[in-house]
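This report looks at salt bridges and at the surroundings of the side chains that form them.

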Amino acid sequence: ARALTPQTAETDAIRFLVGTQSLRYDNQIHIIDFDDENNIINKNVLLHQVGEIWHISTSPADKGVLATCYNKTSDTKVMTCAAVWRMPKELESGSHESPDDSSSNTQTLELLCHLDNTAHGNMACVMWEPMGDGKKIISLADNNILLWDLQESSAKAVLSSSAALEGKGQLKFTSGRWSPHHNCTQIATANDTNVRGWDTRSMRQIYCIENAHGQLVRDLDFNPNKQYYLASCGDDCKVKFWDTRNVTEPVKTLEEHSHWVWNVRYNHSHDQLILTGSSDSRVILSNMVSISSEPFGHMVDDDELSDQEDQHQEEKIKEPLQDSVIATYEEHEDSVYAVEWSSADPWLFASLSYDGRLVINRVPRALKYHILL
């Protein structure tokens with residue numbers, strides 16, 4: 001397995017979706033519900049009969065709707081296609097109990113529409129408009145950016161605009177993220193060693209970070225609270241943080257992994273918390289507080305302090321807090337291809353390795369209280 005996503009529209013229950021990559025069997029989407037109080041994981045399985053799943057993403061507005069990128073084999077060719085699906089009604093929200101014998105009643109996904117890409121090449125990923133009504137989707141296919149409008153309760157996808165990478169060589173997107181800022185009019189894409197920003201209204205490039213990494217860029221994520229900040233990671237084992245207004249140098253670089261970094265994710269609520277997953281089989285949680293929206297910690301009201309404390313506090317406030325690695329998680333024995341924060345609980349995250357192991361962890365309690373208090 002290498003596809004993992006939180007159920008974005010589900011903000012009450014802790015729920016992740018995992019897509020399998022099996023050559024021998026029908027592929028599946030596993031709906032993982034985590035019962036926080038009792039530390040129990042419940043699992044439901046949906047059949048995904050069209051092929052092995054490379055990427056999975058969920059609608060921000062409708063709990064029942066998701067998109068997958070999957071391999072389709074025809075005659076001699078393997079194509080990566082994308083489609084939008086609906087899960088069965090009774091599985092839409094994440095609070096129900098798991099049936100005793102979950103193997104007996106595997107259910108099937110309902111196909112809503114294909115994101116038709118025969119003309120555009122292989123799909124790398126599908127991104128939903130982050131704050132939207134679940135009607136706008138961008139897919140990256142080979143060197144094309146395709147903006148789709150979903151109509152008639154998502155049963156039809158209409159291509160509303162597109163753009164193409166131009167230049168020499170084999171131009172292919174590896175991944176992309178839709179920015180939650182600027183009224184959701186910007187996306188960032190990775191191709192080869194470059195990171196590019198695009199305006200979704202004109203479909204024109206607005207910035208380009210050339211050779212952002214020494215080797216292939218694998219993943220990107222936007223800081224949820226600082227509109228110009230972007231993280232990238234790649235095969236040079238590094239994680240880099242950029243200010244897109246000045247792309248000549250990264251603001252910070254993390255070099256904690258010893259192999260390709262597949263995934264980087266900002267915490268949605270506390271942007272100093274950064275998760276990374278790598279094929280060194282490790283998940284690393286970092287505290288990048290110096291480039292977060294609160295680099296000096298929480299400000300304290302002057303009224304609350306006596307004169308003596310006042311001086312100390314002022315001295316303390318001037319010093320930005322130090323960046324550090326909070327924890328390294330080594331529960332995986334295989335490459336970690338995906339890490340994701342829960343959309344319901346900001347202190348909880350999941351990681352997925354190629355051998356199909358899903359691990360759920362939480363931010364260390366001491367750090368949680370340090371951030372909150």
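## Asp 323 and Lys 252

In this predicted model, Asp 323 counts as partly exposed, because its relative accessibility of 23% does not fall under the 20% that defines a buried residue. Its side chain meets that of Lys 252 in a salt bridge, with an N to O distance of 3.3 Å. The two residues belong to distant parts of the chain, 71 residues apart, with Asp 323 in the loop between helix H1 (307-318) and strand S25 (324-329) and Lys 252 in strand S21 (residues 252-254). Lys 252 is likewise partly exposed, at 31% relative accessibility.

## Asp 62, Arg 86 and their network

A salt bridge also joins Asp 62 to Arg 86, where the closest N and O atoms lie 2.8 Å apart. This pair spans 24 residues and links Asp 62, in the loop between strand S5 (53-58) and strand S6 (65-74), with Arg 86 in strand S7 (residues 77-86). Asp 62 is partly exposed, with a relative accessible area of 25%, whereas Arg 86 counts as buried at 16%. Through salt bridges that share partners, Asp 62, Arg 86, Lys 89 and Glu 92 form one network.

## Asp 36 and Arg 362

The side chains of Asp 36 and Arg 362 are paired in a salt bridge of 2.7 Å, N to O. Here the partners are 326 residues apart, Asp 36 lying in the loop between strand S3 (27-35) and strand S4 (40-48), and Arg 362 in strand S28 (residues 358-362). Both are partly exposed, Asp 36 with a relative accessible area of 32% and Arg 362 with one of 37%.

## Overall count

The count for the model comes to 15 salt bridges.

Methods:
Residues numbered from 1 in each chain as written. Predicted model: local features only at pLDDT ≥ 70, side-chain atom pairs only at ≥ 80, totals over all residues. Heavy atoms only, no water. Salt bridge = Lys/Arg side-chain N within 4 Å of Asp/Glu carboxyl O. Helix = DSSP H or I, 4+ residues; strand = E, 2+ residues; numbered from the N terminus. Buried < 20%, exposed > 50% of the residue type's maximum accessible area, 1.4 Å probe, protein only.
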